[in-house]
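This briefing is for a reader with the model open alongside. Please look over the sequence and the structure before going on.

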Amino acid sequence: MPVREHYDRFLAGEYAWMAGGFEINLDRNRRFFHEMGIVPRSSNTALDLGAGCGFAAIPLAEAGFRVTAVDFCRPLLDELVRYAPDIVTVEGDILDFPLWAGRNPELIICMGDTLTHLPNAGSVQDLLRQCYAELVPGGRFILALRDYSREVEGSVVVIPVQREQDRIFLCRLEYQADHVGVKDVLYSRESGSWERSYGEYRKLRIAPAFLERELEREGFRIEKNTVGEGHITMIVIKEL
Ligand SMILES: C[S@@+](CC[C@H](N)C(=O)[O-])C[C@H]1O[C@@H](n2cnc3c(N)ncnc32)[C@H](O)[C@@H]1O
């Protein structure tokens, strides 16, 4: 199933709950931006690519940035706007560059695993190049994604993601050479009987070394690079 359809039809309604709750995620990102010293310094403008319901965009707006949130999932953007009406939203594909170009951002973020949703390594390279072109000199780009690069091809992993009395959310990952087949499964209890629904899509296996190489090739200097516990977090800067 195409990623957009998976989010629109299946995941959007469950996303905040599945991710552990709205406030918990806002707080995590408030702490992260604070610890990393991410505050407005020049153009005051930030772009959140693949913003979802705003777990990162909202803390950035609270920190004083004028934020534009780009995502192709309208239901998630609607959730964001209900919480933070001042954030500008752009509905569309982050690979459709004219949609979000020309805003002079001093900060671009692509967090919460959005990068792995892109169709192939070439589109990741194109996005990094466009981010470099769009940032003002001295601007920063923050990437946060899951590290799916380590598992052996052919492995299957099932993750119990979230559960409450009448809902259980599982995620099944099947590792292929360059991507992971993802199956999100939701069990929900209605009038005593359990119903099962699911959606499937692909995520890219992006290795930290690939990202480092491509970011440096575009001209970024890597300020922070953390790889561990299945996550990659990078903060890179376009030098003055
Ligand atoms: C795992 S969620 C992360 C959302 C948010 N960044 C966060 O940290 O909670 C991935 C988001 O990226 C969006 N997305 C994935 N591929 C996209 C694309 N090519 N263009 C626009 N949005 C995309 C999805 O709709 C979804 O909201």
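The points below cover the overall fold, one helix, two strand hairpins and the ligand shell.

The model is predicted. Its chain holds seven helices and 11 strands. With a radius of gyration of 18 Å, close to the 18 Å that the globule rule gives for 240 residues, the chain is as compact as a globular protein of that length.

**Overall fold**

- Along the principal axes, the C-alpha atoms of the chain fill a box of roughly 60 × 40 × 30 Å.
- Buried residues make up 35% of the 240 in the chain.
- Of the contacts between residues at least 6 apart in sequence, 57% join residues at least 24 apart.

**Helix 5**

- Helix 5 spans residues 74-83, and Leu 76, Leu 77 and Leu 80 are buried in it.
- These three leucines lie on the same side of helix 5, because they cover an arc of only 100 degrees around the axis.
- An α-helix has 3.6 residues a turn, so residues three or four places apart point the same way.
- The cover over the buried residues of helix 5 includes three helices: helix 1 (3-11), helix 2 (15-18) and helix 4 (57-62).
- Strand 2 (66-71) and strand 3 (88-91) are also part of that cover.

**Strands 7, 8 and 9**

- Strand 7 (residues 167-175) runs antiparallel to strand 8 (residues 179-190), and nine bridges join the two.
- Within this pair, Phe 169 is placed opposite Leu 186 of strand 8.
- Three residues separate strand 7 from strand 8, and the two strands form a hairpin.
- Strand 8 is also joined to strand 9 (residues 193-204), by 12 bridges, and these two strands again run antiparallel.
- One of the pairings here is that of Val 185 with Tyr 198, its bridge partner in strand 9.
- Strand 8 and strand 9 form a hairpin with two residues between the strands, where Ser 191 takes a positive phi near 45 degrees.
- Strand 8 therefore has a partner in both strand 7 and strand 9, since two strands pair if DSSP finds at least two bridges between them.

**Ligand shell**

- There are 20 residues around the ligand.
- Those that come nearest are Gly 50, Gly 52, Cys 73, Gly 112 and His 117.
- By residue class, the shell consists of 12 nonpolar, five polar and three charged residues.

Conventions: Residues numbered from 1 in each chain as written. Predicted model: local features only at pLDDT ≥ 70, side-chain atom pairs only at ≥ 80, totals over all residues. Helix = DSSP H or I, 4+ residues; strand = E, 2+ residues; numbered from the N terminus. Near = placed C-beta within 6 Å. Nonpolar A, V, L, I, M, F, W, Y, C, P; charged D, E, K, R; others polar. Buried ≥ 20, exposed ≤ 12 C-beta atoms within 10 Å, placed from the backbone. Arc of directions from axis to C-beta. Contact = placed C-beta atoms within 7 Å. Rg over C-alpha atoms; globule rule 2.2 N^0.38 Å.
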